[in-house]
Structure formats: structure tokens, C-alpha cells
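Biologist: Before I trust any labels, walk me through how you assign them, would you?
Modeller: Sure, here's the thing itself.

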Amino acid sequence: MAKRALVSVSDKTGLIEFVGGLRDAGWEIIATGGTQSLLEKAGIRTIGISEVTGFPEICDGRVKTLHPKVHGALLARRSEPSHLKALEENGIGFIDLVCVNLYPFRETIAKEGVTLDEAIEKIDIGGPSMLRSAAKNFESVTVVCDPQDYKQVLSEIQQNGDTSVETRLALSAKAYTHTAQYDCCIATYMRHQAGLGEKLFLEFDLKQPLRYGENPHQSAKFYASTAKMPYSLASAEQLQGKEMSYNNIQDANAALNIVRDFKKPFCVALKHMNPCGAAEADTIEEAWQKAYEADKVSIYGGIVAVNRTLTKEIALGMKPIFLEIVMAPEYSTEALEILSTKKNLRVLKVDMSDTKEVIDQYVSVNGGLLVQHLDTQTEQLTTEMCVTEQKPDEKTLADLQFAWNIVKHVKSNAIVVAQDGRTYGVGAGQMNRVGSAEIALKQATADNTPEYLVLASDGFLPFDDTVEMAAQYGVKAIVQPGGSIRDNDCINKANEKGICMLLTGVRHFKH
């Protein structure tokens with residue numbers, strides 16, 4: 001008796017060649033709806049699903065394979081006499097292979113403006129049922145849900161008349177993974193529609209195993225979200241260089257989060273998830289030069305990201321510097337030729353297109369997971385935020401805005417000292433704010449002190465000591481969230497020292 005395959009697919013990639021191969025091997029083909037039409041047009045003879053079940057497709061095709069003559073044919077154990085007897089008594093023949101992939105639910109809900117009704121119509125019922133039935137009975141039934149597996153399955157059938165049990169087990173596991181992902185996507189969407197938040201389903205695919213984690217004795221892997229988004233290393237294209245490490249990925253991600261906050265030509269150099277030099281300018285070449293000059297020491301072994309095409313001039317400037325990673329949305333041909341001489345340098349092309357999408361950030365803790373919206377919103381500073389007698393002019397306000405945009409990306413307690421669209425000093429991660437201010441101010445005034453400086457603080461100034469110190473180092477303007485019980489002390493000190501101070505009312509801690 002000829003073996004039978006049941007074919008019902010949405011993704012018809014490679015289908016004609018695969019099913020044609022099964023027919024040539026002597027298999028009978030059972031098909032549904034559009035799949036049958038396609039195969040018949042290609043000259044492949046099929047049996048309609050209604051001929052097998054003796055029942056028509058109903059409810060606009062919602063019900064066609066949910067029938068004992070389908071699931072009995074798939075689930076019956078070939079070594080169990082009572083199962084064989086039940087099939088014989090009910091006129092049910094075996095189905096030996098199921099080739100099914102599911103309605104495009106994920107692709108449907110990804111479309112802008114899709115309605116709930118449209119999404120629901122793309123929830124497959126019969127497909128997952130057939131996959132699960134076939135996968136459960138893998139000892140006898142081959143289940144295929146991925147066109148990438150057609151070649152192997154067909155090769156084994158052509159050579160041996162059927163697939164091996166080892167192959168069927170692997171395909172079974174793959175089918176259950178496929179239905180689990182499908183159900184997870186549906187559940188996430190429907191729960192969102194219903195406003196239910198007590199469950200969280202995440203779906204990530206292994207992108208690459210890593211050599212080790214933060215330290216050589218820690219194992220690590222990099223998983224990528226199935227949802228594509230800009231400013232993501234998961235979808236970045238590595239053009240050259242060594243494999244990315246755990247720490248590389250962490251640092252590069254931090255650099256990309258900084259870049260996304262700037263629209264003008266911008267460059268950031270980063271070490272240990274903190275910017276060591278950052279600048280914006282009228283041209284990307286000028287931004288690179290200013291960022292490099294901001295801290296020529298710390299950039300060694302660091303990461304550089306730009307938000308414009310990386311040009312020959314920038315590549316020449318990078319050539320004598322030891323860098324771990326360079327990131328840009330595009331590269332000139334000349335730049336790539338220059339960077340290619342640094343064989344170990346990781347060169348990444350990253351999608352930096354604009355997006356207003358709200359992005360969730362996940363941080364694991366022992367036994368749990370913290371979820372928050374990524375801090376992508378930065379306040380536009382205005383003169384109305386000024387609380388001192390000294391008011392900012394247009395240039396000072398622009399410098400304060402630049403410093404405010406940067407300080408949100410520095411580990412708290414964070415202080416950034418800047419001028420003319422570039423950082424001069426960065427104080428990060430100290431246990432008290434005045435300690436961070438001292439580091440930033442000393443760095444800013446080590447040499448070539450500019451005519452004036454501005455200072456940004458990610459959190460409120462708890463005492464007026466930071467204002468006092470800032471005045472000693474020539475700071476003319478400060479921006480901070482405010483909200484301390486000693487705000488008036490800080491304001492009074494700023495007035496005493498002739499410093500302009502803006503209070504934003506919003507903090508930007510980064511732990």
C-alpha cells in the first residue's frame with residue numbers, strides 16, 4: 001500500500017519540488033485548499049482533504065482537517081493491535097508524513113493598523129493540531145514544518161523509502177518548538193489586547209555561543225529577539241574582525257543607546273559602558289575629531305560609534321588607535337579598505353533608522369526579571385527651566401542640552417562637563433555625587449581649559465558642595481533634575497557664584 005503525505009502550507013517555498021519528489025517516490029498526496037490548487041496547476045495529482053474525511057470544508061475553511069480520519073491516521077500506534085483494529089473498523093488509512101506550516105499570524109500583527117478581527121483570522125487551528133499529532137507519533141510519522149528540511153527528508157525517502165527514526169525525533173522536537181512559538185506569539189498579542197499583564201512570554205533565538213561571559217570562567221550565549229528593531233546588535237552586520245564577546249556586546253549596546261539620542265552628526269567613544277568622549281558637530285568628521293580629543297587616553301581599547309557614514313578621513317584617524325569595535329550605519333569603500341588593515345577590529349554596520357517604538361528593557365536578577373521601558377525620552381531644555389538670576393543665552397542652552405543628553409547614559413552617580421558640543425569631563429558611578437563631580441571637573445580642566453564649562457547631573461544635587469566646586473573650576477551653567485530638600489541652598493549658591501541653573505524636574509539614573 002502506498003505511503004501517504006498530507007500537505008497544507010501557507011509558506012509555499014520549495015513545495016512543488018518537494019511534493020513532486022514524494023510523488024516520484026510513489027507517495028500519495030493529500031492536500032487542502034490553496035495548497036491543492038497550486039500542486040494541481042503544477043501537474044502534481046493530489047487527493048482533496050474532503051475525499052479523505054467524507055466531509056466538506058466548512059465555516060470558510062476554518063474546519064477541514066479536524067476529523068478522526070486525519071488525526072486517527074496520524075496518532076494510531078502502528079505496533080498496537082487495538083489501534084490498528086480501530087482504524088480498520090472505521091475505514092481509516094495511515095498518514096505517514098505531514099507537511100504543514102501555519103497561517104502568518106506574526107507577520108499579520110506586524111502590519112501597521114491591523115485590526116483584532118484581521119489578527120484572529122490568522123490564528124491557525126487545524127495546522128498546530130496536525131503538527132502536534134504527527135510529532136507525538138514520530139515513531140511512525142514524519143512531520144515537516146520548515147521548508148529548510150525538505151531536502152533532507154526527500155533525500156532519505158528517495159534512498160531508504162522513509163526517514164530514519166532519529167530524523168523523525170528531531171523533526172518532532174522542531175514541530176513542538178514551532179507550535180510553542182506560534183502559541184506564545186498569539187498569547188502575547190491576545191493578552192495585550194485584553195490588558196492582562198501578570199504573565200510575560202519572551203521569544204529569543206540563539207544567535208551565537210560566546211567564548212565566555214564577563215570573565216573567562218563564565219559560560220555565555222547571545223540570544224536575539226525575533227522582533228527586528230533599529231540600533232540592535234542582534235540584527236547588525238559584522239563586516240570584519242574577531243567574534244564579539246559578552247563584554248563587547250554590552251559595551252556596544254550602551255554606545256548605540258547614546259547614538260540614538262542625537263540627530264546632528266555625532267560620535268561617541270565608550271569604555272566599560274560609559275562614554276569617555278562624545279561630540280556633535282556640523283560634519284561627522286569634526287564630531288569624530290572632537291570626541292577623540294575629549295579623552296585621548298581612555299579611548300584606547302574602546303568602542304566608537306557614529307551616526308553617519310564613516311568616511312576615509314575618520315578611518316585614517318582611527319588607524320593608529322587600538323579600538324575594539326567601530327559601528328556606523330554605512331561605510332565608504334575607502335574607509336573599509338583602511339579599516340581592513342586592522343584585522344582584529346570588529347567593524348559593524350548597524351541600522352540607525354528613526355523609530356518612535358516603545359522598547360522594553362529586560363534585566364535579570366536572581367530568580368526574577370525586571371522589565372522597564374528603555375529611557376529614550378530626553379527633555380528639551382528651555383529658558384523657563386532656569387531658576388537663577390543668571391539666564392542662559394542660546395549657546396549656553398545648547399551646551400546644556402548636549403550635556404543633559406549625555407549624562408543620562410553615564411553610570412549614576414553621573415556628572416558630565418561639556419562645552420561647544422563635546423564632553424570635557426565625565427564622572428561615573430561614584431558613591432557620592434560630589435565625588436563624580438570632582439573627577440569630571442579635574443579631567444575637564446587638566447589642560448586646554450575652555451573659556452567656560454557647563455555641568456549636567458543625572459540626579460538632584462543633595463548639597464550645594466557640587467555648585468561650590470563647579471564654580472572653582474569655571475562652570476558657568478548647571479542642569480539638574482532638582483527635587484532635593486536643599487534645592488534652595490543650591491540655587492542660592494549658584495546665584496552667589498553667578499552660575500545659571502536649570503531644573504528639569506526629571507531624573508535619568510542609570511544603574
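Modeller: Five strands make an open sheet in the order 3-2-1-4-5, with parallel pairing. Its edge strands are strand 3 (47-48) and strand 5 (142-144). This is a predicted model, so local features need pLDDT of at least 70 and side-chain atom pairs count only at pLDDT 80 or more, while totals for chains, interfaces and linings use all residues. Numbering starts from 1 along each chain as its sequence is written, and side-chain values use heavy atoms, leaving out hydrogens and water.

Biologist: What makes strand 3 and strand 5 edge strands?
Modeller: Each pairs on one side only; pairing takes at least two DSSP bridges between two strands, strands being DSSP runs of E, at least two residues, and helices H or I, at least four, numbered from the N terminus.

Biologist: How do you know that strand 1 and strand 4 pair?
Modeller: Strand 1 (residues 4-8) and strand 4 (residues 97-100) share four bridges in the parallel sense, and the cut-off is at least two, so they count as paired. Ala 5, for one, has Leu 97 in strand 4 as its bridge partner.

Biologist: Why is Tyr 300 called exposed?
Modeller: Its relative accessible area is 54%, and exposed means over 50% (buried is under 20%, partly exposed in between; 1.4 Å probe, protein chains only), so the label fits. Tyr 300 lies in the loop between helix 12 (284-294) and strand 11 (302-306).

Biologist: Which residues does Tyr 300 contact, leaving aside neighbours within four places in sequence?
Modeller: Lys 271 and Phe 322, where contact means heavy atoms within 4.5 Å.
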